[in-house]
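The following paragraphs lead the reader through one protein model, from its overall composition to its helices, cores and strands. Please keep the sequence and the structure in view while reading.

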Amino acid sequence: MRILRIRLRNYRGVSEREVTFAENGVTVVEGGNEIGKTSLLEAFDLLLEFLDSSQHERVRAVRPTHADVGPEVEAEMVAGEYRFTYRKRWYKKPETVLTIVSPKHESVTGREAHQRVEEILAKTTDLNLWKALRIQQNQPLEQAALKDSATLGRALELAAGGAAADPSAEGQGVGLLQRARAEYEKYFTAKTGRPTGEYAQARRELEEAEAGLRRCEEELERIQRDIEEHARLEEELARLAAEREEHESRLGELEARWRDLETLRQQVQTLEEKARSARLEADAAKKAAEERAALAADVDRQEAELASLRRRLEEQRAEAGRSHARADEARRACQSLRDQVKAADELVARASGDVEYLRDRDDLARLQARRDGVAAALRGIEEAEGELATIRVDAGLLEELDAAHEEVVRAQAKLDAASTSLRVEALGPVGVEIDSTRHDLTGGETLERPVLGPAEITVPGAVRIRVTPGVGERDLRQALDRARERYRTLCERGGVADLAQARQELERRRDVEQRLAAHREKLARELGGLPVEQLQAEHARLTARVGEYERTRPAHPPLPVDLEAARQAAGQAQDRARELRAALAEAEQTARRSEQAADQHEMEVRLMAQKIDDAEQRLDEARERLRTARAKEPDEELAARADQAQVAAAEADEEWRAAADAFRDADPDTVQALLDNERELGKRLAARISACRQDRDKIAGRLEEAGGAHEALDEARTRHAAAQRNHDDVRRRAEAASLLLRTLTKHRDEAHRAYIGPFRAELERLGRIVFGPDLALEIGDNLQITHRTLNGITVPFNELSSGAREQLCLCARLACAALVDERDGVPVIIDDALGYSDPERLRRLGAVFNAVGRRSQVIVLTCTPERYRTIGSATVVPLRPSSAHPAPEPDLAPAVPPVPGDGRARPDDHAAEIILACLREARTPLGKSEILTRTGLDPDLWSTAIRALRDSGKIRQIGERRGAAYQAIS
């Protein structure tokens, strides 16, 4: 199949467009984003796939919004021996027209035309190959599915050395495999191989019959189990009745023993309570006696402690007096040292002032010398700059003067060499006039001069001679005049008479500039990087400071003789001041420690006095408590009461222990355990008897209801046997169909494996143009690349870079196009690929395109023409925006509704229509950024455009047809 021409009319925003493709060779269709390149292939697919009456969403999406007309697509094609033109129009006046021009002329319309095209393509075109050799926009460039292509199979079989393939035989082979697969799919699913159809129905019927048979058998088994269980329950009830009689006898005996034990338990508890009360009374009396003894001991202890505190107080008062005396002595020593430090500081301040004064005086002397140097340098600079201003000659002017003088010399020499020379020799005394100037010559005298212009020579009364120089001499004269004029102008500009004076002036300029540089260097040296004003200010500041110190300094002690002596005096004063400060610091620290010790002793005295007060108060309280207790009960009575209480407690405890031993010997725990067990056993026997009776009654009810179980089992066995026979018959046919398909598929795969060699050879031939001569490829059974070896390094295909995978995928499609017979081939269509390829690989891919394009049709659609500029034989078809709708993109931007009143489109309406067209075009969900990238819209118009679409309801219409695309931006 070959696509010769595609024409669109009223297709989205395109009013009309026609593109013609080369029948053999590479056609590159160039155009910007959304110019309509992809729409060409989309329109071709719609033409082949949908009737003119179709209401499919893909057809509705291409209706123009700017006019009430139907989209129309026309294509001129070659398929096998058929050459025809095929046209369709949808919606408005739908129409289908087919015109076949060879092998014989035919004209068909309507549904018959659609069916006729399908018949031609089915007979002449490998549709699997047509799908495999297309690379669509916005989809990853993956390897082509070439395994199922019958056309490629015939070509590879022929390339592998087999006999020329018979298309009809191949078709029969493919048909046999398809019929085998169809037969297989009657019994098994295509993807998972699970039973389906008649086989699944037979399996379900067999499973249902088996389930019914199992249910009948299980029912009969259940009835038999119920009979056996009923008899067992009768026996169990008789045994449980006998057990209950024995249990009731044992329970009566245990309850009588327990009542006796309860009476004994109450007696033990009464005696235990009496013994406890006696023990409490004895403990209370004992505790009262112990507390009385503790009170007396506490009074004795506090009296001794108070005496000790009073002795310690006297000692601390004496130590506090000594601490205060030491603190007073330390304070007097500190004050004496402070006075000495103050006098030393005054001496240090006076010595430091002397040092600063003598330093300022020396700095002032040096600064005065610098001021004098600066003033001299400024005067020198002013004089040099004034003299320099009078010199107008510089190096540039001298260079121009030198060149002008040389030009005058050259012009003069040229004129002298080319001009006529006049020589007059007097044979005797004679007067000669040359240009009205008389010359009296004696005999033998000679007059010689050049003829620089028209000259007239006259011998009065004898002869007049006119000499006129030629044209060349006149030009040289003019050149000499121009050179002299330039020389004179330059001399005037420099204020000199000639070149020699100019050189003198330049020498003078250099001398002046040297003096000026020397003065400036001296000025910079004297200033030392400071501005003149700052130097003056510093001089004034030092003058004021020196004068002020001389006025205010006292006469005694006298001023040191020089700065060094002043520094030594200042150092000695500072050393003395430091020594006194160190002594003062040490004395102050000693005074602080003395004061802290005195304060501490004073605090200890106060604390001790407070402790004595507290101890006296506690002693008075303890004596009062002892007096009060003895007044209530004397010590002798308290001791007697404690002894009597101890005797009574011992007697009550002995009586209680005797009763407790008698109760323990009766073993109440064992009796209680046996009684509790018998009670629980009674409950369990009652529950068991009740449960057995209920189970017996239920089984009896089921046995009464059960009837006809044997007849149901016989009927289930008959149904199962019939289902088993039907299942076995269908299973044998299903297994035969599966074996046939596996056998045919195995042989087909073996044939495909034989094709790998020729396909790999052709793919490597093209790939080596791109990757180099060391390329080797491994091809799988599905005719897809599994590994690439380059420079001895083997890498799995999926681990290659994006660019390398892209280039190999493209080479595989082109290799397929190169292998198939020209009559059976289909176009290789590439919609914007090679985005990951570098310039060198693109150049080599151009050679691959050129090699394949000689006998195949390759159609490239691109918005980046630079990628395909290296295809030598390419036919380039540039696309321009549709003339009826020039902005912004013809196939995605329908006509924009005008603003009422002025006829101009609003920017937001314009943007809304562009977004609407992009959504109609979309086959996958689009986000905001992707829509802006595709349409090139200004992001500032996004919000208003979406709002306009929502208000108009158009975006909801898109959503009804393409929910994903609508939801992505709504």
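In this predicted model, the secondary structure of the chain consists of 22 helices and 20 strands. The chain has 970 residues, of which 39% count as buried. Among contacts with a separation of 6 or more, 71% are between residues 24 or more positions apart. The accessible surface amounts to about 54,300 Å², and carbon and sulfur atoms contribute 49% of this area.

The nonpolar interior may be considered next. The largest nonpolar core contains 90 residues, and those with the most contacts inside it are Phe84, Leu146, Leu763, Leu814, Ile830, Phe849 and Tyr868. Helix H16, which comprises residues 802-819, supplies the largest share of this core, namely 12 residues. Phe849 illustrates how such contacts are distributed along the sequence: with residues up to four places away left out, Phe849 touches Val26, Leu810, Leu814, Ile830, Leu834, Val858, Val860, Tyr868 and Ile871. A second, separate core has 22 residues, including Leu516, Leu523, Leu527 and Leu535.

Leu535 also belongs to the buried residues of helix H11, together with His539, Leu542, Val546 and Gly547. These residues lie on the same side of H11, because the arc that they cover around the axis is only 125 degrees. On the other side of the helix, Glu533 and Arg551 are exposed. What covers the buried residues of H11 includes helix H7 (197-389) and helix H10 (499-527).

What span should the 21 residues of H11 have at 1.5 Å a residue? The expected value for this helix, residues 532-552, is 30 Å, and the end C-alpha atoms are 31 Å apart, which agrees.

The strands offer a further example of local organization. Strand E10 (residues 430-434) and strand E11 (residues 437-441) run antiparallel and are joined by five bridges. Within this pairing, Glu433 has Arg438 of E11 as its bridge partner. The two strands form a hairpin with two residues between them, and Asp435 in the turn has a positive phi of about 55 degrees.

E10 also pairs with strand E13 (residues 455-459), in the antiparallel sense and over two bridges. Here the bridge partner of Ile434 is Ile457 in E13. E10 is thus joined to E11 by five bridges and to E13 by two.

Key: Residues are numbered from 1 along each chain as its sequence is written. This is a predicted model: local features need pLDDT of at least 70, side-chain atom pairs count only at pLDDT 80 or more; totals for chains, interfaces and linings use all residues. Side-chain values use heavy atoms; hydrogens and water are left out. Helices (H or I, at least four residues) and strands (E, at least two) are DSSP runs, numbered from the N terminus. Buried means under 20% relative accessible area, exposed over 50%, partly exposed in between (1.4 Å probe, protein chains only). Contact means heavy atoms within 4.5 Å. Accessible areas come from the Shrake-Rupley method with a 1.4 Å probe; for residues, only the protein chains shown count as cover. The expected span of a helix is 1.5 Å times one less than its number of residues. The arc is that of the directions from the helix axis to the C-beta atoms. A nonpolar core is a set of buried Ala, Val, Leu, Ile, Met, Phe, Trp, Tyr and Cys residues joined through side-chain atoms within 4.5 Å. Two strands pair if DSSP finds at least two bridges between them.
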